[in-house]
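Colleague: Could you take a close look at the largest pocket in this model for me? I'd like to know which residues line it and what kinds they are.

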Amino acid sequence: MLTPEDIKLLVSSGEGFNAEFKEKVPQKIKELNEEICAFANAAGGVVLIGIGDKNNIVGTDINNAKRSAIQNAIRDISPALFTLMYPVEVDEKNIWVIEVPAGTNKPYLLSGAIYLREGANTQKLTDFEEIRSFFQQSDRIYFDEIPCPEFNIETGVDADNFEEFRFEAKINPDIPTEQILKNLQIFEKENIVKRGGVLFFGKHPEKMFFQAITRCLRFKGRDKVHIIDDKIYGGTVYQQYKQAMEWLKDKMQVAYIIEGIGPRKEVWEIPLEVFKEAIINALSHRDYYEKGATIMVEVYDDRVEISNPGGLLPAVAKSFGTKSMSRNPLIFGLFTRMNLVEQVGSGVYRMRNLMLEANLPEPEYSMDGFFTIKFWKKKKIDDNGDVVENNTEKSDESSEKTVEKAIEKTAEKTVEKTVEKTVEKILSIIANNPQITQAELVEILGLTRRGIEWNLSKLKTKGIIQRIGPDKGGYWKILK
């Protein structure tokens with residue numbers, strides 16, 4: 001049973017894969033039942049009733065009649081599921097707890113439907129064939145839920161990786177590591193860590209699961225003939241995500257837009273955000289039972305492909321882009337805790353929109369055996385710097401020149417725009433203070449002395465300003 005301290009820790013961590021908060025009992029008790037069924041079909045979890053929308057402890061009262069109604073509703077879940085329901089006093093307020101174990105007779109159905117936990121959300125399946133196919137493919141056991149008795153919790157946790165998780169998940173640094181892992185449902189019975197916990201927090205998990213790596217390849221041209229770079233990244237799944245992103249950034253071209261004296265804006269040939277979505281998707285949803293394949297990140301002259309073993313689950317394939325379902329819900333839930341996953345099921349739309357906003361073709365998907373996403377690079381750019389139709393037939397040399405030309409044009413336009421804005425600022429400053437000195441302009445604008453001298457010289461040559469009197473004691477006069 002949970003203690004007041006346990007509840008405070010859960011509340012401070014927020015809702016997630018294994019925690020659901022309610023301010024009060026819903027009018028339709030079935031809504032509560034759906035969450036309970038979803039926890040049973042995943043790794044278990046806890047429902048806390050009496051927690052406000054802002055994760056604040058508000059408390060609630062549940063009379064005997066309502067309590068009986070909840071317990072009777074739970075009996076509608078099939079097969080029979082044992083849960084614990086009890087009140088805990090926290091800061092002089094009653095919080096009702098419903099503890100749900102990870103079911104041993106999955107799948108659990110409610111009113112003929114199955115509910116699954118995906119991150120901090122609950123998903124519903126209704127078609128029996130989809131349900132049967134999904135659990136057959138998963139062998140009715142998620143890979144990341146299986147206990148890993150050979151993992152030593154005392155020596156096996158990667159401390160740096162765990163601290164990054166704690167920081168990104170906004171978990172109080174004073175909470176002991178073991179307590180956090182317990183609240184995250186990382187442990188199986190007898191404090192044995194699940195495989196998902198090893199993959200997310202363990203030192204070198206690829207030593208236990210050699211298939212749990214990410215391979216990054218750069219090819220010359222548009223096919224797999226000539227390999228320019230080949231990197232294999234191990235470590236925790238979060239470390240693999242970071243390493244793959246850094247590797248991709250090194251392979252992508254970027255232009256810089258400078259506006260005024262503020263920070264420069266980076267414009268990548270493919271938006272980095274789509275890679276984030278695709279890589280986390282691959283790490284969360286890949287089939288870790290498949291030991292003969294790995295996650296692949298492949299960069300060609302005209303595109304980037306990111307693939308992972310295991311095609312889409314049948315239920316997802318029928319509703320691609322609108323329904324999310326993970327082979328590894330524990331791992332997916334931990335990424336969600338780190339705020340690296342946004343609204344569940346929205347990744348496909350988000351990647352599509354990011355590509356279209358960058359004036360690039362929509363991503364292409366392949367789902368046969370491997371789930372592969374293709375991101376095409378820049379469309380063809382004409383002599384005026386305008387984007388026209390995508391041309392994937394152009395040669396490797398012309399492809400590189402096209403991107404280089406686009407970046408050069410962007411740089412030229414950026415320089416022109418920056419000079420114009422700098423001139424405007426200088427004229428504005430002179431208008432307000434004709435006695436301004438070059439040294440003062442350097443300090444105000446953050447430019448070098450040579451840069452100020454160059455701009456003033458240009459303005460004088462064009463007859464826009466004139467210096468009246470000596471350098472010391474004189475003043476500026478605006479002529480135009």
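Modeller: Take the contacts in the chain with a separation of 6 or more: residues 24 or more positions apart account for 65% of them. Keep in mind that this is a predicted model. The chain has 480 residues, and 49% of them are buried. Its secondary structure comes to 16 helices and 18 strands.

Now for the pocket you asked about. Rolling a probe the size of a water molecule over the atoms shows where empty space is left. Here the largest pocket comes out at a volume of about 1000 Å³. There are 34 residues lining the pocket, and if you want to find its centre, look for Ala43, Pro101, Ala102, Gln185 and Glu188, which are the closest to it. Several elements pitch in: helix α1 (4-13), strand β2 (45-49), strand β5 (93-100) and helix α7 (177-183) each give at least two residues to the lining. As for the kinds of residue, the lining of the largest pocket splits into 15 nonpolar, nine polar and 10 charged.

While you have the model open, have a look at another pair of helices too. Helix α6 (residues 159-168) packs against helix α9 (residues 237-251) at an angle of about 85°, and their axes are 10 Å apart. Angles of 65 to 115 degrees count as roughly perpendicular, so that is how α6 and α9 sit relative to each other. On the α6 side, Asn161, Glu164 and Glu168 make the contact, and they meet Tyr238, Gln239 and Lys242 of α9. Sorted by kind, the residues of this contact are one nonpolar, two polar and three charged.

Notes. Residues are numbered from 1 along each chain as its sequence is written. This is a predicted model: local features need pLDDT of at least 70, side-chain atom pairs count only at pLDDT 80 or more; totals for chains, interfaces and linings use all residues. Side-chain values use heavy atoms; hydrogens and water are left out. Axes are lines fitted to C-alpha atoms, for helices over the stretch in contact, and angles run from 0 to 180 degrees between N-to-C directions. Helices (H or I, at least four residues) and strands (E, at least two) are DSSP runs, numbered from the N terminus. Angles under 35 degrees count as roughly parallel, over 145 as roughly antiparallel, 65 to 115 as roughly perpendicular and the rest as oblique. Contact means heavy atoms within 4.5 Å. Ala, Val, Leu, Ile, Met, Phe, Trp, Tyr, Cys and Pro count as nonpolar, Asp, Glu, Lys and Arg as charged, and the others, Gly among them, as polar. On a 1 Å grid over the protein atoms alone, a cavity is a set of points where a 1.4 Å probe fits but cannot get out, and a pocket is an open set with protein on both sides within 12 Å along at least five of seven lines; lining residues have an atom within 4 Å of a point. Grid points are joined across faces, edges and corners, and a volume is the space filled by probe spheres set on the points. Buried means under 20% relative accessible area, exposed over 50%, partly exposed in between (1.4 Å probe, protein chains only).
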